[in-house]
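Got your viewer open and a selection box ready? Let's walk through this one stop by stop.

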Amino acid sequence: MKRVGVLALQGAVREHLQSIEACGAEAVSVKWPKDLESLDALILPGGESTAMRRLIDRYGLMEPLRDFAETGKPMFGTCAGLILLAETVVGEDQPHLGVMDVAVARNSFGRQVDSFEVPLEINGIEGAFEAVFIRAPHIVSAGPSTEVLCVHDGKIVMAKNGQFLGCSFHPELTEDHRITAYFLSMIPSKSDLLLPN
Amino acid sequence: MSQHGTDRVKRGMAEMQKGGVIMDVVNAEQARIAEAAGATAVMALERVPSDIRRDGGVARMADPRITEEVMKAVSIPVMAKARIGHIVEARILEAMGVDYIDESEVLTPADEEFHLLKNQYTVPFVCGCRNLGEAARRIGEGASMLRTKGEPGTGNIVEAVRHLRQVNAEVRKVIAMSEDELMTEARNLGASYEFLKEVKSLGRLPVVNFAAGGVATPADAALMMELGADGVFVGSGIFKSDNPERFARAIVEATTHYQDYKLIAELSKDLGIAMKGIEISTIAAGERMQERGW
């Protein structure tokens, strides 16, 4: 069974854990570096990116998370999670993990009264997906190897860059598990991982 | 086709706060300290509850200048308090673009009979509750987030514990009931039948429920998480302590790692003096903020 972690410092952790289980994988809460061991993939959930970042620094998670990215295992960030993954955060000197080749702007759809939900067409997902945007960021620019999966209102709101998947909205706030299933399909099957002796 | 102010958008914003600490602040400088300490949101107000309690008089919505300065100072969500039933204070805060309104018993009620009809607003609301009936009525009016009332401004956790235990015990009771018992329970609680059916089928409240009203130490915050709160509001506990920056950081960390007792011990060392507390029995019944609203 695939083991998928959710960074559990703060935010919509429970919803992601449930979605992973609904897709038939084992869901693991990640609070400490040791929790990253033996995971096949990791989700960085929605929440407040500044709060999560402080806890990442305080508990020595930054290097282990970057090491996890180095292994090539899939990582998926939703909203605040996308901000944590991005190589550039507009208006800030330093990124957080800085592993996904995209530049992200925070709160780019306005304040909470401007938050919205809208059905979107997403490349690789059949049929419309109800996307919930809450004080959401968007992808301002993406590197050449990045595959844009969804654009809303002229803004990139979902993209894939190699092992990294990111979206501005919150699939975890719906009962629709297709995006989680899409992410789980990015985990190589065991036979792909067999190394030549 | 995009829709604003739906239940999912309003409740979802509170879901993003889970596991976090929301801190009362009275100016931009305090807001920046709260954000740097890892607060998930700040509550802008003119006086923290312990000062409101000390000063007496009528407590109203904060001067919009204060709220505006706080909104400019931080990138995390900014909440603000309106008086219970004060339609215009709520509309002013919504027009200013505040991210969440607390229809709060900490302020002097504007209406002793009717709460705001919160489903008429695009901005989401958080409301206080002491039991499942109050929770049901506030959600019925459109609240998108709950918090226990506790007894604000006392630095005494006892009422917050009582209210959280009460709500959670009543939720567990509803879950365990057979469906033919729900209507009578709805009558007894003053809750709608539909609401209790929803609680039973979800196995929990349909919105996030934070603890509030008396959190003064990292151990208090962890206690509320242990009892099943989704997160914690800290009012006077931070900026009425000896060392607000350290208290703020320690309370955030204790909330995240609420079952790591060695860690909480470390966090709690040499923090300085917590806010001075008040024994509840010394507060005259008419001055207990938790009695406001119904």
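Start with the open sheet of three strands, which runs in the order 8(A)-7(A)-1(B) with antiparallel pairing. Keep in mind as you click around that this is a predicted model. The edges of the sheet are strand 8 (129–133) of chain A and strand 1 (3–4) of chain B, each of which pairs on one side only. Now pick strand 7 (residues 116–120) of chain A: this strand and strand 8 of chain A are joined in the antiparallel sense over five bridges. For a single rung, select A:Leu120, whose bridge partner in strand 8 of chain A is A:Phe129.

Keep A:Phe129 selected and add some rings. Which residues join A:Phe129 in one aromatic cluster? They are A:Phe109, A:Phe116, A:Phe133 and A:Phe169.

While rings are on screen, note that a search of the whole structure turns up nine aromatic pairs over all chains. Hop over to B:Phe210 and B:Phe233: the ring centres are 5.6 Å apart and the planes sit at 65 degrees, so this pair is edge-to-face. B:Phe210 belongs to strand 8 (residues 208–210) of chain B and B:Phe233 to strand 9 (residues 232–234) of chain B, so the pair ties together parts that are 23 residues apart in sequence. Color by accessibility here, and B:Phe210 comes out buried at 0%. B:Phe233 is buried too, with a relative accessible area of 7%.

Two arginines are worth a click next. A:Arg58 lies over the face of A:Tyr59, 5.1 Å from the ring centre. Over in chain B, B:Arg91 lies over the face of B:Tyr121, at 3.8 Å from the ring centre.

Next, the nonpolar interior. The largest nonpolar core has 88 residues, and A:Leu42, B:Met23 and B:Met224 touch the most other members. Helix 12 (residues 244–256) of chain B gives the most to this core, with six residues. Zoom in on A:Leu42 and show its contacts beyond four places in sequence: among them are A:Val6, A:Leu7, A:Val30, A:Phe68, A:Phe76 and A:Phe183. There is also a second, separate core of 34 residues, which includes A:Val4, A:Ile20, A:Cys150 and A:Tyr182.

Now select helix 8 (residues 182–189) of chain B, whose buried residues are B:Leu182, B:Glu185, B:Ala186 and B:Leu189. Look down the axis of helix 8 of chain B: the buried residues fall within an arc of 105 degrees, so they line one face of the helix. The background is simple: an α-helix has 3.6 residues a turn, so residues three or four places apart point the same way. What do the buried residues of helix 8 of chain B pack against? Show helix 6 (132–141), helix 7 (158–176) and helix 9 (193–202) of chain B, and you have the partners of those buried residues. Flip the view, and the face turned away from the buried side of helix 8 of chain B carries the exposed residues B:Arg187 and B:Asn188. Just after helix 8 of chain B comes B:Gly190, with a positive phi near 75 degrees.

If you like backbone oddities, stay with phi but go back to chain A. A:Cys79 is not a glycine, yet its phi is positive, about 55 degrees. Find A:Cys79 in the loop between strand 4 (75–78) and helix 4 (80–85) of chain A; A:Cys79 is buried, with a relative accessible area of 5%. A:Asn107 is another residue other than glycine with a positive phi, near 45 degrees. A:Asn107 is in the loop between strand 6 (100–105) and strand 7 of chain A, and at 28% relative accessibility A:Asn107 counts as partly exposed.

Two last selections in chain A. Is A:Ser49, in helix 2 (residues 49–58) of chain A, buried or exposed? A:Ser49 is buried, with a relative accessible area of 3%, and beyond four places in sequence A:Ser49 touches A:Ala80, A:Ile83, A:Leu84 and A:Arg106. For contrast, jump to A:Met1, in the segment before strand 1 (3–7) of chain A. A:Met1 is exposed, with a relative accessible area of 74%. Leaving aside neighbours within four places in sequence, A:Met1 is in contact with A:Gly24, A:Ala25, A:Glu26 and A:Asp40. Finish with a distance: the C-alpha atoms of A:Met1 and A:Lys34 are separated by 20 Å.

Key:
Residues are numbered from 1 along each chain as its sequence is written. Chains are lettered from A and ligands numbered from 1 in the order in which they are written. This is a predicted model: local features need pLDDT of at least 70, side-chain atom pairs count only at pLDDT 80 or more; totals for chains, interfaces and linings use all residues. Side-chain values use heavy atoms; hydrogens and water are left out. Buried means under 20% relative accessible area, exposed over 50%, partly exposed in between (1.4 Å probe, protein chains only). Contact means heavy atoms within 4.5 Å. A nonpolar core is a set of buried Ala, Val, Leu, Ile, Met, Phe, Trp, Tyr and Cys residues joined through side-chain atoms within 4.5 Å. Helices (H or I, at least four residues) and strands (E, at least two) are DSSP runs, numbered from the N terminus. Rings of Phe, Tyr and Trp (its six-membered ring) pair if their centres lie within 6.5 Å; planes under 30 degrees apart count as stacked, over 60 as edge-to-face and the rest as tilted. A charge sits over a ring if NZ of Lys or CZ of Arg is within 6 Å of the ring centre and within 35 degrees of the ring normal. Two strands pair if DSSP finds at least two bridges between them. The arc is that of the directions from the helix axis to the C-beta atoms.
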